[in-house]
Every structure is written in structure tokens, then in C-alpha cells.
Amino acid sequence: MEPFKPLPATPVRLGFVIPERNVACETEFPQFLPDGVTAHFSRLPREGAALTQESLIRMMDSVEHQSRLLGGIDARIILYACTSGSFLGADDALDTIADRIGAASGVPAVTTTRAVLDALAALQARTVFLISPYPDDIHAAEIAFLEKAGHPVPGNATFGCASSEMIRGINSRDVEALALGHRAAIRECDAVFLSCTNLRSMDRIAALEADLARPVFSSNSASLWRAMRGAGLTPRDIGAGRLFRLDLAGVDPSARVRGA
């Protein structure tokens, strides 16, 4: 199994802006990075641990400052790694946030929600079975966002977590078990999306795809895939699902990455 290979000989640094209570990105991303590619993180403060739409939107107040910190390490790209934080609010939040990051840091940027939509397009998946850890109102908002973007959600499930700490208590086996409990509904969908960058699941994606016979991807797998493509890396199978095995030769890897 051959990992992503950087096109240049020099090290490639990928920057990620994450919510302050997110621990999954720093755990999952390095496990799938090849030699010569490193992940670097900056955190966005958020008042309290409770998951509310208001607090997730207000988290953007400091995005420029936190992005500048990553601009100083010559990151090839910066990805805003928060799913709910990039689909809540204005309809164009997924791209305006990237614009703000790019303008502040001088580095091209993209958001997790844009990465998710790009992953669905690359997988040629229209209908989605959604699994999230969110409370009901944020889970419903995500379904509405996906459907407005042209991806009907015939089936869904949520862990219904009220706080970031509750999400951290979910392990990847829990995610796998929840998905496998919905086999019949998943057969009616084109793909399975495991939402939230604080939800660990990348190590179970390959097994889920084998069991469910459907493409499976997570917020983190889509984010890593999109960041690596945007950084000019050539994709290879890294053991994190079908998304990383796609032959997208001729597709501009920086398309829709917001410029500095």
C-alpha cells in the first residue's frame, strides 16, 4: 500500500485550524501522513463546552489571528477543520471562512464542509447516509445543508452529544457499530458520511466499506484528502477508504481552494 507522495523534494507542511476542544484531528491525521508531510495545528477558542449553533458561529471571531500563526511556518495550505462551524450561519460560510483565512495568513485555504462536498462529487455520490455526534438541532441543520447542496439524506443517525467532551468519549468502534446497525437504510444511499472532525473513525472506514459495500468517508478523511490535494500531493491508497483510491488525473487539485 503506497501512501501519498509529495511532488517536490522539500517537506510539505499542512496547516489546520481546529476548535480548542478538538483532539481527534491531531490523533488521526499523523497516522496517515507519509514521510516528508507534516500536520500543524492552531486552535480557535470557544466559550464553554456545550454544542450550540451560536457558540460555533462565534468561534470565527478569532479565525484571522489563529490563521496568521500558521502562515508563519510556510504551510502549503490551511484547512479550517470544523464541520459544523463551516456549514452553520450564512449560506456561503464554507467559502467566506476560507477567504478570511487566506487573506489573514497569505496561504491558500479551504474548509471541511467544502472538502465534504468535493469528496461527494469525486465519489459521484448524490444521496448520503449521515452519521453525526451532534445534538438534534445541529444534526438537523446539517441535513438541511446537505439537501440544499443537492445531496438528499434518505437516512441518518446521531449520537446526540450535548458537549465536546461527550464526543471525545465516542471511539471509532462505537461509530462502526452505529453504522452497521443501519445496513438496510445505507443500501438505499450512494455513500456514508461520518460527520464532525472531533469524531474518531478513520481507522474503521476501510472495514465499513467492505461490510456495507458503499463508499464511506468522514469529516477528517475528507479534510485530509482535500488538504493533500490542495497542497499538490499525488493521492495513493493510504488505507482510509475509497476516496484515497480515486484516479482524478487531470483534475486541478487546487480547484476551489481560496487563494491568499
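Me: Helices here are DSSP runs of H or I with at least four residues, and strands are runs of E with at least two. How many helices and strands does the protein come to?
Reply: This is a predicted model, and its secondary structure comes to 12 helices and eight strands.

Me: What makes a residue count as buried, and what share of the protein does that cover?
Reply: The cut-off is a relative accessible area under 20%. Of the 260 residues, 55% count as buried.

Me: How many aromatic pairs are there, if ring centres have to lie within 6.5 Å?
Reply: The count comes to four. Take F29 and F41: their ring centres are 6.3 Å apart, and their planes sit at 15°.

Me: Why is the pair of F29 and F41 called stacked?
Reply: Planes under 30 degrees apart count as stacked, and the angle for F29 and F41 is 15°, so the label fits. This pair also links distant parts of the chain: F29 is in the loop between α1 (24–28) and β2 (37–44), while F41 is in strand β2, 12 residues apart from F29.

Me: Are F29 and F41 buried or exposed?
Reply: F29 has a relative accessible area of 0%, which is under 20%, so F29 is buried. F41 comes out at 24%, between the 20% and 50% cut-offs, so F41 is partly exposed.

Me: What makes F193 and F217 a stacked pair?
Reply: Their rings are 5.1 Å centre to centre, with 15° between the planes. That satisfies both the 6.5 Å limit for pairing and the 30 degrees limit for stacking. F193 lies in strand β7 (residues 191–194) and F217 in strand β8 (residues 216–218), with their positions 24 residues apart in the chain. F193 is buried, and so is F217.

Me: Which residues form one aromatic cluster?
Reply: F16, F29 and F41 do.

Me: Why are α9 and α11 called roughly parallel?
Reply: The axes of α9 (residues 172–180) and α11 (residues 205–212) come within 11 Å and cross at roughly 15°. Angles under 35 degrees count as roughly parallel, so that is the name for α9 and α11. The crossing of α9 past α11 is right-handed.

Me: Which residues make the contact of α9 and α11?
Reply: On α9 the contact is made by E176, A179 and L180, and on α11 by A207, L208, D211 and L212. By type, the residues of the contact divide into five nonpolar, no polar and two charged.

Me: What is the phi of Q124, and of A213?
Reply: Q124 has a phi near 55°, positive in a residue that isn't glycine. A213 isn't a glycine either, and its positive phi is about 55°. Most residues other than glycine have a negative phi.

Me: How do you know whether Q124 and A213 are exposed?
Reply: Q124, in the loop between α6 (112–122) and β5 (128–132), is at 72% relative accessibility; that is over 50%, so Q124 counts as exposed. A213, in the loop between α11 and β8, has 49%, which is under the 50% line, so A213 is partly exposed.

Me: Why is E209 called buried, and which residues does E209 touch?
Reply: E209 is in helix α11, and its relative accessible area is 8%, under the 20% cut-off, so E209 is buried. Leaving out residues up to four places away in sequence, E209 touches R214, P215, V216, G241, R242 and R245.

Terms used. Residues are numbered from 1 along each chain as its sequence is written. This is a predicted model: local features need pLDDT of at least 70, side-chain atom pairs count only at pLDDT 80 or more; totals for chains, interfaces and linings use all residues. Side-chain values use heavy atoms; hydrogens and water are left out. Rings of Phe, Tyr and Trp (its six-membered ring) pair if their centres lie within 6.5 Å; planes under 30 degrees apart count as stacked, over 60 as edge-to-face and the rest as tilted. Buried means under 20% relative accessible area, exposed over 50%, partly exposed in between (1.4 Å probe, protein chains only). Axes are lines fitted to C-alpha atoms, for helices over the stretch in contact, and angles run from 0 to 180 degrees between N-to-C directions. Angles under 35 degrees count as roughly parallel, over 145 as roughly antiparallel, 65 to 115 as roughly perpendicular and the rest as oblique. A crossing is left-handed if the near helix is turned anticlockwise from the far one by less than a right angle, and right-handed if clockwise. Contact means heavy atoms within 4.5 Å. Ala, Val, Leu, Ile, Met, Phe, Trp, Tyr, Cys and Pro count as nonpolar, Asp, Glu, Lys and Arg as charged, and the others, Gly among them, as polar.
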